[in-house]
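Okay, thanks for coming, everyone. Let me put the structure up, and we'll walk through a few spots together.

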Amino acid sequence: MGKKYLYLETYGCQMNVYDSDKVRSVLDAELTNDPGKADIVIINTCAIREKADQKAFSSLGRFKHLKVRKPNMILGVGGCVAQLYGERLLENFPHLDLVFGTRTIPLLPELISRVEREKRRRVEISFDVEEVFEFEPYHEEGRVTAFVSVQQGCNKRCSYCIVPHVRGEETNRAVGDILNETNKLVKKGVREVTLIGQTVNSWKRGEYKFGDLLKIVGEIEELLRIRFTTSYPRDFTKKLIESIRDVPQVCHHLHLPVQSGSNRVLERMGRTYTREWYIDIIKRIRDAVPDMAVTTDIIVGFPGETESDFEDTMRLLEEVGFDGTFSFKFSPRPETPAAEYYDSVSDKTAGRRLTELQEFQREITVKKNQSRVGEIEEVLIEGESKNDPNWVTGRTSHNRIVNLPGGADLRGKLARVEITEGFQNSLRGRLIENQKEVSHVS
Ligand code: 5AD
């Protein structure tokens, strides 16, 4: 039999994007954008907020008719919704064949062939499956950037968060495996890797801590840039800050979710730090790396959040001067303590706070972006711009998107670019003539 066709839908965070690549890699099927043509349809789901759950359900519903028309097609659901509801998904979606978890992706080929052979629907969501991290990383021809997972699961217990429940305990990947995968990607043309983990900076293995890992990955030749996400504030150490400062490939951008600027709310969230502590760690980081860009996540409308708590968050935004903020209305999640809190904030109030916060952050971001005009930045060119083949697009070390006139020959190169305009979501620039050879971000 020839190659099978796979249709894959991915929702949620970087981890899910990475997991979907893993699905592509283990199944070795041909990807198609047309579900009608697919032998296997996989939906990789997210459960972080209620809306994400609903997306997964409506997506599952959409494939019902197709499955009726093509009974031999395998319909599978993976990711965090699969992990959360397991068996119940088979009950609610009679046309579903397979439910697999966040740690059972390596078993997919076997699971699919058993469904086909035994004509029986299956659920495989155990956390105990020995993780087979060794797999050929999926890489799209010409892609300059890639994710490399260094950690699965989470050991923090934030009262609102479903992640520990659906991704299990923190497991840290071995240095050798991380290096192997990164090396393979670099051989395929990747020039920037983002090390990913739920609390990536808490990674440790044997005597190695995350700062050591940055140094080790920094030894890889031809790898121009290293990013990492998402960091947990309390796991920032002096040694880690020194590694970030000292490894030249490490980009000057941190995603450091603060969640709230109110100590009362932070405590109820179980974040284990105060507003003052967070501000202090940012100061220490900026003392070591003055141009460090910092982005964050904020939850508004957490149970019990008063107007004055919210104002504390707004003041924090101003005080820290984040380069960008991802903000969300609190959403109660199954199996989390905060779902039981009685003093919920009305949806109307949460919505108003969200709008206010986003408008305020937008002003800050635009100002920051405009302040880059006239600066010379190093931009890793990722490829042609979507709208115009005579333009290319890339990112600065600070993770700002830059569009500039240029040809495809620049792909994978670090270009020196003068910034000419700053917008809300991107910058515009022009290539500086007489490019000197740059080997890495300085
Ligand atoms: N409700 C709203 N936002 C949430 N996040 C995590 N859990 C919830 C929840 N229950 C947000 C946090 C986290 C980001 C990935 O999603 O801000 O950092």
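So, which strands each supply at least two residues of the shell around the ligand? Those are strand 15, residues 293-300, and strand 16, residues 324-329. Keep in mind as we go that this is a predicted model.

Here's the whole shell, if you want to click along: Ile 48, Arg 49, Tyr 160, Gln 259, Asp 297, Ile 299, Phe 328, Lys 329, Phe 330, Ser 331 and Arg 333 surround the ligand. Sorted by class, that gives 5 nonpolar, 2 polar and 4 charged residues.

Let's zoom in on some distances. Asp 297 has a polar side-chain atom 2.6 Å from an oxygen atom of the ligand. For Gln 259, an N or O atom of the side chain is 2.7 Å from a ligand oxygen. And with Arg 49, the distance from a side-chain N or O atom to an oxygen of the ligand is 2.9 Å. How much of the ligand does the protein bury? On its own the ligand exposes 400 Å², and 86% of that is buried by the protein.

Staying with strand 16 for a second, have a look at the loop that runs between helix 13, residues 307-320, and that strand: Asp 323 sits there. Is Asp 323 buried or exposed? Its relative accessibility is 13%, and the cut-off for buried is under 20%, so Asp 323 counts as buried. Leaving out residues up to four places away in sequence, Asp 323 touches Ala 293, Val 294, Thr 295, Gln 361, Thr 365, Lys 368 and Arg 400.

Now let's swing over to helix 6, residues 108-118. Four residues to highlight there are Leu 108, Leu 111, Ile 112 and Val 115, which are buried. Looking down the helix axis, the buried residues fall within an arc of 95°, so they line one face of helix 6. The general background is that an α-helix has 3.6 residues a turn, so residues three or four places apart point the same way.

What do the buried residues of helix 6 pack against? Their partners are helix 1 (14-27), strand 3 (40-45), strand 4 (74-78), strand 5 (98-100) and strand 6 (122-124). Just past the end of helix 6, Lys 119 has a positive phi of about 50°.

Last stop: strand 6, where you'll find Arg 122. Arg 122 also counts as buried, at 13% relative accessibility. Beyond its neighbours up to four places away in sequence, the residues Arg 122 touches include Leu 111 and Val 115, both on that buried list for helix 6.

Methods
Residues are numbered from 1 along each chain as its sequence is written. This is a predicted model: local features need pLDDT of at least 70, side-chain atom pairs count only at pLDDT 80 or more; totals for chains, interfaces and linings use all residues. Side-chain values use heavy atoms; hydrogens and water are left out. A residue is near a molecule or strand if one of its heavy atoms lies within 4 Å of it. A polar contact is a pair of N or O atoms within 3.5 Å; within protein, one must be able to donate a hydrogen and the other to accept it, and residues adjacent in sequence count only if both atoms are side-chain atoms. Accessible areas come from the Shrake-Rupley method with a 1.4 Å probe; for residues, only the protein chains shown count as cover. Ala, Val, Leu, Ile, Met, Phe, Trp, Tyr, Cys and Pro count as nonpolar, Asp, Glu, Lys and Arg as charged, and the others, Gly among them, as polar. Buried means under 20% relative accessible area, exposed over 50%, partly exposed in between (1.4 Å probe, protein chains only). The arc is that of the directions from the helix axis to the C-beta atoms. Contact means heavy atoms within 4.5 Å.
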